[in-house]
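Student: I've just opened this model and I don't know where to start. Could you take me through it, one question at a time?

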Amino acid sequence: MSKYKDKESGTTVFSLNAKWISWAHTVVAYTAFLSALSVGVYLHYHKIVQNEFYGYPHEWFPSVSATIGDRYPERSFFQLFIAITSGPRFALVALWYLVTARPGKALPKFIAGVGLFRTLTCGGWTFITSTDDHDWHDILMISYLVATIPWTVGCIALSPPNPKAIKYRKYLATAFFGAIPFMVYFFIQHKIHRIAGAYTTYSFFEWSLILFDVAFDAVTALDFEGFEITVRDVKGLAKGANMSPKSTIAVEKEKQKITAGVFDAEFSWTGVFDTAAEVYHGFVFWSMLTSLGVVIWYFPLWHMGISGYEAFVMSTISPLLLGINPIRSLVIHHLRVCHFLSLAGLLAWQVKDPAYRLFTVGFGVAMSCLAWAGTLYSESIHEVRLESKILAWIVGLVLSSTAKFAWQTNNPIWPIMHAANGGHNKIGLALAVLATHRFTRKAPLNTGEATDESLGGSSFLAALGIGGVFFGLHSLLSDTSTMILWVWEGYPVRGPLSAPHGWFTLAAMTAGLLTGVRYPKLVGTWSVYGVGSVGAAILTLYPNWFGYLGALTSAFYLTAVAFPLITVASKKSPATTFGFGFFIYNFMVLFHVWVVAYAFVPGGPFVREHTDWIMTTMMVLIGAGVFNLTSVNSCRLETRARPSRSQHRKYHTLVLGAINLLFVAAAFRRFPTNDNKPYHEDSRVITAGIWTIHFSLDNDMWSSEYRMRDLIKELEIDVVGLLETDLQRVIMGNRDTTQFLAEDLGMYVDYGPGPNKHTWGAALLSKFPIVNSTHHLLPSPVGELAPAIHATLDAYGELVDVFVFHSGQEEDPEDRRLQSEYLAKLMGSSSRPSILLSYLVTKPLQGNYNTYVSETSGMHDVDPRDWDRWCEYILYKGLQRVGYARVSRSTITDTELQVAKFVVPKSGEEKAQIAAIENNAEARNRKVNEQEVPEGWRFPALFRGNGVRGHRYHVFNEPWYYKPSQTGV
C-alpha cells in the first residue's frame, strides 16, 4: 500500500484514471497508420496504388502493406508511432489482466499471455518487413492474426459486467470477422482472376480490419474508468459491486451467448492432457486406417490386376471377434495392451519390404479397430466417458484432415512417408505412445457381460448405419480437397480451390460435429436426413460453387449424424455393430474402387462409372441407421448435460477451435502467389514433358512427390503433363500430388477430370498462366475411360494450346481407334500453336499413330526417327521444336520422362518461317550438335553419362537438338 495514501479520504498524491491508457493507445495507433497513409498518398500515390497487375486509374487506393512498407518516409512515420504505441499497449494488457483476474481462474492469465504475444508479434512484422525477411515477416503476421481470435473471444468472455462495453465488443468483433471473408474474396479476385479494381476493394476491407482491431481494444476505456494507475479499485468495478444481481446475471448470460459458454468450465491441466491424448489417439486411428488402402494399392498397381493382397482390406472387421465371449472378456480386460499393439501400424515405416510392411499395417489397423470397438463398448454404461471417447474419435478425423492439408494431402506419419519425403514418423510414434498410455489409464467400466436391454433398436440396423457413415467420413472427409476436386471443371476458375477453400470443408465438419453432440435427437430426424441426402445429390450432380454447396452440406451432415449413430452402436453388441458395420464399410470401399477399375476386376462392367450408385447406397445405409435412431429411446440420446460432461465438451470444442486455427495458418502459408515465371524467359522457350507417375508410389512403396519434384526442377520443365494422377479414392489415400508439385515448383495446375469422372487421372502443370481449359472423356465403349485436357496458355504473350491425354488399353483396339479420331479432330480444331503430351499405346508410323499425326490434327511428331516408343509421345504444331530428350525413371515409376523444347515465335517473320516448313519434314527435322544452339535452348548437362540418382539421358544417351536449315537462326 502506498505511503502517500490518506486512508480516510482515499486521496493519493498522484493518480491517473486508467481510461487514458486506452485513449493513448487508440490515438497513437491510429496516428501510426493514418500518418503513413497521408504521407504515402501525398508523396508516392501512384507507386503505392500500383500492384503486380494494375495501377492507377484501375487501382486508386493503397493497401496497408503498400502504405507501411519499404518507402521512406512512410515507413519511418509508421514505425515511430508504433514504437510509441508499445508503451500504452503493454500497460493496456496488464490493466486488462488486473481488471479480469479472479482467484483460481486460469483464463485471465491465458488471455494476458495472448495479449503480450500479440504485442510482440506486432512489433515483429512491423520492424521486419517482407523485403528484410519474407518468411519471418509472414510467420509473425500469421501468428498475430491467429492470436487475434482467442484475444477477441477471451476479452468478451472476461468482460466486466458493463453492458455498454460488451455491446461495443460484440459489434466490433462481428464487424472484424465479418470483413475477413470479403477481404479474402476480393484478394482472390485480384490474385487469381486478375480483375482490375479488385485490389482496391480488398484494400478497403484490409484497412477496415485495422480500424476494427484498434477500436476493439479502445473499448477497454469504458472498463478502465473505475481503475487508477495505483491499482486501487475506487468504484468496486472489479468485483461488480455497483451492479445489481439481476443485471449481472443478464450480462453473464449475454456473454455466454456470445462465447457459446466455452470459457465457463473450470480449467484443469488433467482435463487438457486427457483431451489432447484422446484426440491424438483418434488421429492415430484415422492415420492408420487411411494408410491401409495406400499400401494395399501398391500390389494391384504392380500386378496390373487383382494380386491377392487386397484381402487385407478386411483387417477392419476384427471387432467380429468380440462376439466370442472369452475373447471379448480378454480384450476388454486388456484394452491398454490392444491399443499399444495397434501402434504397430505407425512402426511400419521401418519395415522396408513392401509385403511385410502391408502385413504390419494390416495388423495395426485390425488391433486398432478391435481396441476402439472394445473401448466404446466398455464405456457405454457411462454417458460422459462414452461421449468423450466418441468425440475424440471424430475430432481425430478433423485433425487428420488438417495434417493432410498442412502436408499437401500426405499424412506425415503414414508408412509411405519417411524423413526423405517429408515424414515425421518418429515424432508421431513418440506422441502416440504417450497419448495411448494416458488414453488407457482408466479401467474399463463394462467388462463385457452387461448389456443395455432398455435401449431398444436393432444391432443390425446400427451396423448398416456405421458402415455407411464411416464410408462417408473416410471417402469424402479424410481430405479437405476431395470434394473440391469433385466439382472442379478447369479454367477460368468457377469454383473453390483446394487452398485456401479447404477450410470451408473443415469448418462444416466442425459445425456438424458440435451440432450432433449438442442436438443428437435433432440430427437423427428424417427431415435432417433429407437435407443431407439433397446435399449428397447436389455434390454428385453439379460442378463449381453450387456443387460445393452440396459438399458442405454433406460434410456437415456426416459429422453431425456420426455422433448419435456411434453412440447407439456402442451400446449394442460390438461384434454386430462394429464388426459387421466395418464389413459393410469394406464393401463400400471395394464398390468405390470397382466403378473406376471395372476393366480389371470381376463384375466391373456392371457398376462401371456409377458413383451415383455409391452415393445412393451410402445414404440408404445411413438411412437405416437413422431409422434405428428413431426407434431408440430419445432420452438415452439426449440426456441433460452434467457438469463434468459439459466440461469435457468444452475442452473438445477448444481443441476443435485450435485445429481450425492451425488449418487457417496452413492455408495462409499455402495461399497461391501466382507469380510463376518460366525458366528461360529471355529465350522464349517452352520446355514441355510427359510423365506417367504411377499414382505417386515408387518401386519401394514410398510416396514419390519429392523425387518427382527434384527431377522436374532440375530438367527446368515449364509445362508437364502427368498421367495416373487421380489419387482421390480410399484405396489411394485421398491424395493429390499436383498440389505439392504446383506449390513447390511455382506452377499453375489443372487437376483434370475429377474423381467422380471415373478415370485414372490426367493433370497439367504450367509455369505459364492457364487462360482456359476444358476436360474431355474420350470414347471408351469397352475399356477404361480416356481422360484429356485441352488448355490454352499465355506463353510470352502468345496463346499456345496444350493437350494432355491418356489413351485406352492395348486390349481394347476399338476404343483406341475411336479415341484417336476424337483427339485428332480436337487438336485440328485449334489454329493456335499446340503441343500434345500423351500416352498413345501405338508404334511410331503405324496404326493409330497416323491418325494422331495427320492432316486432320495438323500435328507433327517430336521426332519420327525415334522408333523405340509405345506409350509416351510428344506432338506439336506452330512452334519451333529445338530439343528432345528421354530421361530414365530411376525407381520413381514404371515409365520414363520425355521432354521437348519449343521456341514460341514472336514476330510475323518468325511465324512465317515456321509455316514455310510445316510440310517440309527434312528441313523441320534437321538435327544439329548442342554447340550450334543457344545456351537457353540446351538441356542440363547434369543428366549426361551416368546422370544423378538413377536419372540419365537414355535410349539415344543424349539430347537431340534441331535447327531448321532455312531459318538461319
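Student: Let's start with one residue: is Met701 buried or exposed?
Tutor: A bit of background: this is a predicted model, where local features need pLDDT of at least 70 and side-chain atom pairs count only at pLDDT 80 or more, while totals for chains, interfaces and linings use all residues. Residues are numbered from 1 along each chain as its sequence is written, and side-chain values use heavy atoms, leaving out hydrogens and water. Buried means under 20% relative accessible area, exposed over 50% and partly exposed in between, with a 1.4 Å probe and protein chains only. Met701 has a relative accessible area of 0%, so the word for Met701 is buried.

Student: Where is Met701 found?
Tutor: Helices (H or I, at least four residues) and strands (E, at least two) are DSSP runs, numbered from the N terminus. Met701 has a phi near 70°, a positive value in a residue other than glycine. Its place is the loop between S1 and helix H27 (705–714).

Student: What is the relative accessible area of Arg684?
Tutor: Arg684 lies in the loop between helix H26 (643–670) and strand S1 (685–692). It isn't a glycine, yet its phi is positive, about 55°. Arg684 counts as buried, with a relative accessible area of 14%.

Student: On to the sheets! In what order do the strands of the six-stranded sheet come?
Tutor: Two strands pair if DSSP finds at least two bridges between them. This sheet is open, with mixed pairing, and its edge strands, S5 (770–778) and S9 (860–861), each pair on one side only. The order is S5-S6-S7-S8-S10-S9.

Student: Which residue stands opposite Leu793 in S7?
Tutor: S6 and S7 run antiparallel and are joined by eight bridges. Their hairpin has two residues between the strands, and there Tyr796 takes a positive phi near 55°. Opposite Leu793 in S7 you'll find Val800.

Student: And how many residues of S6 are buried?
Tutor: On its S5 side, S6 pairs in the antiparallel sense over eight bridges, with Asn772 opposite Thr792 in S6. S6 is mostly covered, and out of its ten residues the number buried is nine.

Student: What is the bridge partner of Val804 in S8?
Tutor: Here the strands are S7 (residues 798–806) and S8 (residues 834–839), which pair in the parallel sense over six bridges. In S8, the partner of Val804 is Leu837.

Student: Which helix packs on the sheet and touches S5, S6, S7, S8 and S10?
Tutor: Touching is a matter of contact, meaning heavy atoms within 4.5 Å. Directions are compared through axes, which are lines fitted to C-alpha atoms (for helices over the stretch in contact), and angles run from 0 to 180 degrees between N-to-C directions. The helix here makes about 160° with the direction of S5 and spans residues 813–828: helix H29.

Student: In the sheet of eight strands, which strands stand at the edges?
Tutor: That sheet is open and mixed, in the order S3-S4-S2-S1-S12-S11-S14-S13. Each edge strand has a single partner, so one side of each is left without a neighbour in the sheet: these are S3 (748–750) and S13 (927–928).

Student: Which residue in S4 stands opposite Leu722?
Tutor: S2 (residues 719–723) and S4 (residues 762–766) run antiparallel, joined by five bridges. Opposite Leu722 in S4 stands Ala763.

Student: Now the helices: at what angle do H21 and H22 pack?
Tutor: Among the meeting residues, Gly532 and Gly535 are in H21, and Gly547 and Gly550 are in H22. The axes of H21 (residues 526–541) and H22 (residues 544–570) are 7 Å apart, and the angle is about 140°.

Student: How far apart are the axes of H22 and H24?
Tutor: H22 and H24 (residues 611–631) pack at about 50°. Angles under 35 degrees count as roughly parallel, over 145 as roughly antiparallel, 65 to 115 as roughly perpendicular and the rest as oblique, and H22 and H24 are therefore oblique to each other. Between their axes the distance is 10 Å.

Student: How many residues of H23 are buried?
Tutor: H23 (residues 574–594) has 21 residues. H23 is largely enclosed by the rest of the structure, because the number of its residues that are buried is 15.

Technical notes:
Expected span 1.5 Å × (residues − 1).
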